[in-house]
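This report looks at one buried threonine-type position and at charged side-chain pairs, taking each in its sequence context.

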Amino acid sequence: MVILQLSLHTPVNPQTNSAITGLTSTCQKRSSKFHSTLPPRLFITNSHESQYPFSLFQPANEGVAAIVFGDGPESRLYPLTKRRSEGAIPIAANYRLVDAVVSNCINSNINKIYALTQCNSTSLNSHLSRAYSGLGIGREGLVEVIAAYQSPEYEGWFQGAADAVRRCLWVMEEYPVSEFLILPGHHLYKMDYQKIIEAHRNSKADITIAALGASKDQDPGFGFLTMNSENQVLEFRLKSESKPISFVSEETSRKCNDIAYCYSSMGIYLINKDTVVKLLREHFPKANDFASEVIPGAISIGMKVQGFIFNEYWEDMRSIEAFYQANMESTKKANIGFNFFDKESPVYTLPRCLPSTLITDAVITDSVIGGGCILNRCKIKGTVVGMRAKIREGAVIEDSVIMGSDVYQMENIQCGMNKKGIDIPIGIGEDTQIRKAIVDKNARIGKNVLIINKDNVQEGNNEANGFIISGGIVVVLCSAVIPDGSIV
């Protein structure tokens, strides 16, 4: 199976500034949900001046605003996050991790989306600004990127998710919504957020927390919920605390006692707008984190906290291995992971003006190929090949992730001279073999290179020479130069 993911170009109306791939095909089906002909807009805000045009305020029908964070409290995907935040990491050839979360919002008819960004956010801010500025399909609301800022009131940077929300309430309070949906921006899953909203409102909860129902073999790091049979949260705590919850794996839950069940939090919180203001400004004005401070505090003061059980595929990208596996699953025929090809719940991203992929006498099986690639007499198997990737004659790529390039390099231009004076163009060189590896963007892999982890090393840091090994997977750094004849 070979899947070519090419950027699809739809005519752009300059008055609507449509910027999301695939939106045309779903516009007609969803037209009954959209009531305004005014296109949303996107601003990047890092000052205390409000950027809202008055005409964009929606009338009385209050809804939900999503708050998306571009990265987690600490990156577990280094070196892929050396120059970008987790949400900006490319995945499945044509997408960024944040696209999955933003697409969930769009498919759930949530069209007020705030992206709060801070660390290594240039790439993420650029992607969000270009991809989602002016959806052009008559939706109400807007998408807004709020970059971390300092002010006379707040001299430091964001100290955590709760601190970031508190410091940006002056922006988000202006929009008439009833709840905030707080979302990590680097997780991979599909969820109809309308279901958690319905459950939240029916239970008249102050806070609803999404929790994993299916058995998972890892601790996501967002804490654990103890719930009764009505899904009311009785206790919320982190595993690192003195009395961690013991789990007994079952199909959808793990029973702790006669009335309580234990689940892992997904780090997704639906909180009433008034509750957010009270918690962050009145009850816990110094709290920086939701999982360790705000949520346990809300339970301690008697607020009603509910759980919402989610039983579908969910990957929190807890490691290089998890990221690698998610990419590998995108090449499989069986629907065992995240489905990037679901017509009913499409994944949106930035459309690119790229030529069709050029394949010359190449043998390609069970792979996903992005737009604008040049593949010349090579063999590719079980691999994700990102946009503008150039793989030269005789190269063999197996079970790998090649992220591609940001630019096309002319072969006759001398650029890319490394410290050893070896001129190597962007892409994969002739007769190179790559197996079970992740090659980040703009890497220059020379001729006759072997990237096969020949010594079966599980963990190794050779960043000075352009690569590391994590979980047995070789990761070639962004813009790294691997000289001709190298063996990794």
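## Thr357 and its polar contacts

Thr357 counts as buried, because its relative accessibility is 13%, under the 20% limit for that class. The model in which this residue is seen is a predicted one. Thr357 belongs to the loop between α8 (320-329) and β17 (358-360), and a polar atom of its side chain lies 3.4 Å from the backbone nitrogen of Gly372, while the backbone nitrogen of Cys373 lies 3.2 Å from a polar atom of the Thr357 side chain.

## Salt bridges between distant segments

The model holds 14 salt bridges by the distance rule applied here. In one of them, Arg201 pairs with Glu179, with 2.8 Å between the closest N and O atoms; this pair links distant parts of the chain, since Arg201 sits in helix α5 (residues 193-203) and Glu179 in strand β8 (residues 177-184), 22 residues apart. Arg201 is partly exposed at 40% relative accessibility, whereas Glu179 is buried at 5%.

Asp342 forms a salt bridge with Lys190, the closest N and O atoms being 3.9 Å apart. Asp342 lies in the loop between α8 and β17 and Lys190 in the loop between β9 (188-189) and α5, so this bridge ties together parts 152 residues apart in sequence. Asp342 is partly exposed, its relative accessible area being 25%.

## Arg377, Asp361 and a shared network

The side chains of Arg377 and Asp361 also meet in a salt bridge, at 3.6 Å from N to O. Arg377 is partly exposed, with a relative accessible area of 40%, and Asp361 counts as exposed at 58%. Elsewhere, Arg76, Glu315, Asp316 and Arg318 are joined into one network by salt bridges that share partners.

Methods:
Residues numbered from 1 in each chain as written. Predicted model: local features only at pLDDT ≥ 70, side-chain atom pairs only at ≥ 80, totals over all residues. Heavy atoms only, no water. Helix = DSSP H or I, 4+ residues; strand = E, 2+ residues; numbered from the N terminus. Buried < 20%, exposed > 50% of the residue type's maximum accessible area, 1.4 Å probe, protein only. Polar contact = N/O pair within 3.5 Å; in protein donor to acceptor, adjacent residues only side chain to side chain. Salt bridge = Lys/Arg side-chain N within 4 Å of Asp/Glu carboxyl O.
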